[in-house]
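Here is a short report on one predicted model. The sequence and structure come first, then selected residues, a helix and a pocket.

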Amino acid sequence: AVLVIGNYNYSSWSLRPWVFLRHFGVPFETVRIALDQPSTPALLAQHSPTNRVPVLNDGQLCVWDSLAIMEYANDKHSLAGLPADLATRAVCRSVSAEMHSGFSNLRSTLPMNCRRVYDSFAVPAEADKDIARVQAIWTELRAAHAAEGPYLFGQFTMADAMFAPVVLRFATYKVAAQSPAAAAYMEAIQAHPAVQEWCALAGEEPEKLNQYEY
């Protein structure tokens with residue numbers, strides 16, 4: 001299988017399935033396409049029907065979209081990427097989908113930039129509601145599953161892969177944790193070996209995209 005991704009430093013959507021597959025030890029090859037370069041559209045067209053990343057090419061099958069890639073890998077390899085309990089699995093899918101479709105103000109005002117930490121960044125007020133909602137999700141789920149492990153549902157699931165870029169955003173812009181549970185969760189994600197590997201690769205990239213730099 002080949003996972004086509006964008007820049008490690010900037011592509012939050014690429015991070016999600018990459019970290020998920022790494023966590024569960026699924027073998028795959030990575031093809032990185034630098035975004036916003038003159039060659040980018042032609043390169044994307046070779047791999048992706050949407051000309052966007054990420055996309056997983058597994059033999060003749062093409063799977064695009066972060067959530068679809070994780071669902072496919074979870075089914076194909078019988079992973080534990082979703083909780084076993086039916087009701088808990090539904091909640092996991094709900095928060096993953098909420099992250100997938102929501103939080104537009106957070107995305108636009110706090111772009112992912114793994115290489116940077118801003119000491120005095122003024123978080124725009126329009127992101128406050130999204131930040132509060134994200135941390136409320138983390139706090140509620142950690143309270144419910146604290147005895148089962150350090151992640152949202154105890155053990156690592158696709159929900160953690162979905163929220164990992166938000167943790168990195170909060171670290172970049174020094175967004176304060178609003179509860180001890182949220183603080184511990186952020187530490188757990190930043191300590192995850194696959195997340196650390198991703199950030200190390202981001203640090204080696206030569207490209208600098210000014211629209212994501214402040």
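Q196 is partly exposed, because its relative accessible area is 46%; by definition, buried means under 20%, exposed over 50% and partly exposed in between, with a 1.4 Å probe and protein chains only. Q196 is found in helix α9. Helices (H or I, at least four residues) and strands (E, at least two) are DSSP runs, numbered from the N terminus. Leaving out residues up to four places away in sequence, Q196 touches Q190 and A191; contact means heavy atoms within 4.5 Å. The C-alpha atoms of Q196 and V19 are separated by 9.7 Å, with their places 177 residues apart along the chain.

The model is predicted: local features need pLDDT of at least 70, side-chain atom pairs count only at pLDDT 80 or more, and totals for chains, interfaces and linings use all residues. Residues are numbered from 1 along each chain as its sequence is written, and side-chain values use heavy atoms, with hydrogens and water left out.

**Helix α1**

V19 is one of the buried residues of α1. The others in that list are S12, S14, L15, R16, P17, W18, F20 and L21. Nine of the twelve residues of α1 are buried, so the helix is largely enclosed by the rest of the structure. How far apart are the end C-alpha atoms of α1? They are 16 Å apart, which agrees with the 16 Å that twelve residues (12-23) should span at 1.5 Å a residue. The expected span is 1.5 Å times one less than the number of residues. After α1 comes G25, with a positive phi near 70°.

**The largest pocket**

Rolling a probe the size of a water molecule over the atoms shows where empty space is left. The largest pocket holds about 630 Å³ of space. Its lining has 23 residues, and S11, W13, R52, V53 and P54 lie nearest its centre. The elements that give two or more residues to this lining are α1, α2 (40-45) and α5 (104-109). By class, ten lining residues are nonpolar, eight polar and five charged.

The terms are these. On a 1 Å grid over the protein atoms alone, a pocket is an open set of points where a 1.4 Å probe fits, with protein on both sides within 12 Å along at least five of seven lines; lining residues have an atom within 4 Å of a point. Grid points are joined across faces, edges and corners, and the volume is the space filled by probe spheres set on the points. Ala, Val, Leu, Ile, Met, Phe, Trp, Tyr, Cys and Pro count as nonpolar, Asp, Glu, Lys and Arg as charged, and the others, Gly among them, as polar.

V53 and P54 are joined by a cis peptide bond, with omega about 5°. P54 is found in the loop between α2 and β3 (55-58).

**Positive phi outside glycine**

Two non-glycine residues with positive phi are set out below.

| Residue | Phi | Place | Relative accessibility |
|---|---|---|---|
| D65 | near 85° | loop between β4 (61-64) and α3 (66-76) | 29%, partly exposed |
| S78 | about 50° | loop between α3 and α4 (86-101) | 65%, exposed |

**Three buried residues**

A159 lies in helix α7. At 0% relative accessibility, A159 counts as buried. Not counting residues up to four places away in sequence, A159 touches C92, V95, S96, L152 and F153. The C-alpha atoms of A159 and D85 are separated by 15 Å, and the two are 74 residues apart along the chain.

S179 sits in the loop between α7 (158-173) and α8 (180-191). S179 is buried, with a relative accessible area of 15%. What does the side chain of S179 reach at 3.0 Å? The partner is the backbone nitrogen of A182. Beyond four places in sequence, S179 touches Q135 and T139.

E207 is placed in the segment after α9 (193-204). E207 is buried, with a relative accessible area of 15%. The side chains of E207 and R32 make a polar contact at 2.9 Å. A polar contact is a pair of N or O atoms within 3.5 Å; within protein, one must be able to donate a hydrogen and the other to accept it, and residues adjacent in sequence count only if both atoms are side-chain atoms. R32 is also among the residues that E207 touches, not counting those up to four places away in sequence; the others are N7, Y10, A34, Q37 and R115.
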